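This note sets out a reading of the structure shown below. The points are numbered so that each can be checked against the display in turn.

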Amino acid sequence: MRVLLVEDDADLAERIARALRAEHFAVDIAENGEDGAHLGETERYDVAVLDLGLPKLDGLSVLRSWRQAGRPLPVLILTARDGWSEKVAGFKAGADDYLVKPFRIEELVMRLRALIRRAAGHADSVITCGPLRFDAQTGQFERDGLPLRLTAFEWRVLSCLMLRREAVVERADLIERVYEGDSDVDSNSIEVIIGRLRRKIGGERIETLRGRGYRLTAGTAENARSDGPKGG
């Protein structure tokens with residue numbers, strides 16, 4: 001999952017980014033409102049963390065610009081302003097959640113996971129697909145009741161597929177949600193990650209739809225349609 005962090009406090013931004021990356025999130029940081037507004041309008045993110053007191057363009061203006069542009073990106077406002085009127089203004093501008101500084105990183109992580117899950121249309125925090133079980137609130141994967149050991153990239157790809165189980169996820173969409181903006185992405189990197197995941201969860205679970213993307217399937221007879229080759 002890819003997070004846009006718009007925060008002008010460099011030390012705080014780095015602490016947040018380090019904690020989120022430890023939980024396998026990809027994180028892009030914008031240090032001012034203008035850069036944040038641009039990234040939110042031009043890049044694909046699963047969620048944004050937005051400070052209000054930003055240089056160049058304040059947080060509420062950034063949020064309004066995203067909503068006016070039709071961007072459905074879930075947004076958590078992160079700010080030292082704890083007055084009721086500020087919260088009302090944030091929600092009226094289109095915020096989905098609000099967290100006041102100082103805060104616990106663990107709470108921020110849980111709130112972001114909940115926003116991402118709900119945005120994908122899942123009311124329950126536990127999502128299943130065949131023998132796979134994903135607790136979207138803790139970020140833990142299991143196969144047949146046993147924990148899955150995944151790298152950060154494998155976790156991002158599998159969580160993206162799991163949140164959209166039985167639906168086609170475009171290859172370009174996966175790339176944009178798995179890698180940070182300054183990453184040097186090899187053209188075959190997604191295929192390599194998909195290949196590793198197939199070995200861990202079963203090759204039949206991830207279908208390749210040539211020219212379209214990938215689909216995570218329960219692998220049952222009724223939905224194992226032959227839309228394309230399933231090899232890596």
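1. Two strands are said to pair if DSSP finds at least two bridges between them. With that in mind, consider the hairpin of β7 and β8: four residues lie between its strands, and G139 there takes a positive phi near 80°. The reader should keep in mind throughout that this is a predicted model.

2. The strands of this hairpin pair in the antiparallel sense, over four bridges between β7 and β8. Within this pairing, R133 stands opposite E142 in β8.

3. A further hairpin is formed by β6 and β7, with two residues between the strands. In its turn, G130 has a positive phi of about 60°. The pairing of β6 with β7 is antiparallel and runs over four bridges, and V126 stands opposite D135 in β7.

4. Strand β8, residues 140-143, is joined to β9 by two bridges, and these strands run antiparallel. For R143, the bridge partner in β9 is L146.

5. How are these strands ordered in their sheet? The order is β6-β7-β8-β9, four strands that form an open sheet with antiparallel pairing. The edges are held by β6 (126-129) and β9 (146-147); each has a single partner strand, so one side of each is left without a neighbour in the sheet.

6. Helix α6 lies across β6, β7 (132-135) and β8, and runs at about 100° to β7. Helix α6 comprises residues 152-163, and its axis comes within 10 Å of the axis of helix α8, residues 189-201. The two axes cross at roughly 80°. Angles of 65 to 115 degrees count as roughly perpendicular, and α6 and α8 are therefore roughly perpendicular to each other.

7. Which residues make the contact between these helices? From α6 come F153, E154, V157, L158 and L161, while α8 provides I190, I193, I194, R196, L197, K200 and I201. By class, the residues of this contact divide into nine nonpolar, no polar and three charged.

8. A separate description is needed for the sheet of five strands, which is open, has parallel pairing and follows the order β2-β1-β3-β4-β5. Here β2 (26-30) and β5 (97-100) stand at the edges with a single partner strand each, so one side of each is left without a neighbour in the sheet. On average, and with direction ignored, neighbouring strands of this sheet are turned by 20° against each other.

9. One pairing in the parallel sheet may be examined in detail. Strand β1, residues 2-6, pairs with β2 in the parallel sense over five bridges, and R2 stands opposite A26 in β2. Helix α3, residues 59-68, packs on the sheet and touches β1, β3 (47-51) and β4 (75-79). The direction of α3 makes about 150° with that of β3. Helix α4, residues 84-93, also packs on the sheet, where it touches β4 and β5; the direction of α4 makes about 145° with that of β5.

10. Two features of the backbone in loops deserve a check. A cis peptide bond, with omega about -5°, joins K101 and P102; P102 lies in the loop between β5 and α5. H24 has a positive phi of about 80° although H24 is not a glycine, and H24 is found in the loop between α1 (10-22) and β2.

11. Empty space inside the model should also be described. Rolling a probe the size of a water molecule over the atoms shows where empty space is left. The structure holds one cavity of 30 Å³ or more, and the largest cavity has a volume of about 80 Å³. The lining of the largest cavity consists of M1, F25, R113, I116, R117, F134, A136, G139, W155, S159 and L163. The elements that give two or more residues to this lining are α5 (105-119) and α6. By class, the lining has seven nonpolar, two polar and two charged residues.

12. Which residues lie nearest the centre of the largest pocket? They are Y45, D46, L73, P74 and R177, out of 14 residues that line the largest pocket. The volume of the largest pocket is about 230 Å³. Its lining has eight nonpolar, no polar and six charged residues.

Note on methods:
Residues are numbered from 1 along each chain as its sequence is written. This is a predicted model: local features need pLDDT of at least 70, side-chain atom pairs count only at pLDDT 80 or more; totals for chains, interfaces and linings use all residues. Side-chain values use heavy atoms; hydrogens and water are left out. Axes are lines fitted to C-alpha atoms, for helices over the stretch in contact, and angles run from 0 to 180 degrees between N-to-C directions. Angles under 35 degrees count as roughly parallel, over 145 as roughly antiparallel, 65 to 115 as roughly perpendicular and the rest as oblique. Contact means heavy atoms within 4.5 Å. Ala, Val, Leu, Ile, Met, Phe, Trp, Tyr, Cys and Pro count as nonpolar, Asp, Glu, Lys and Arg as charged, and the others, Gly among them, as polar. On a 1 Å grid over the protein atoms alone, a cavity is a set of points where a 1.4 Å probe fits but cannot get out, and a pocket is an open set with protein on both sides within 12 Å along at least five of seven lines; lining residues have an atom within 4 Å of a point. Grid points are joined across faces, edges and corners, and a volume is the space filled by probe spheres set on the points.
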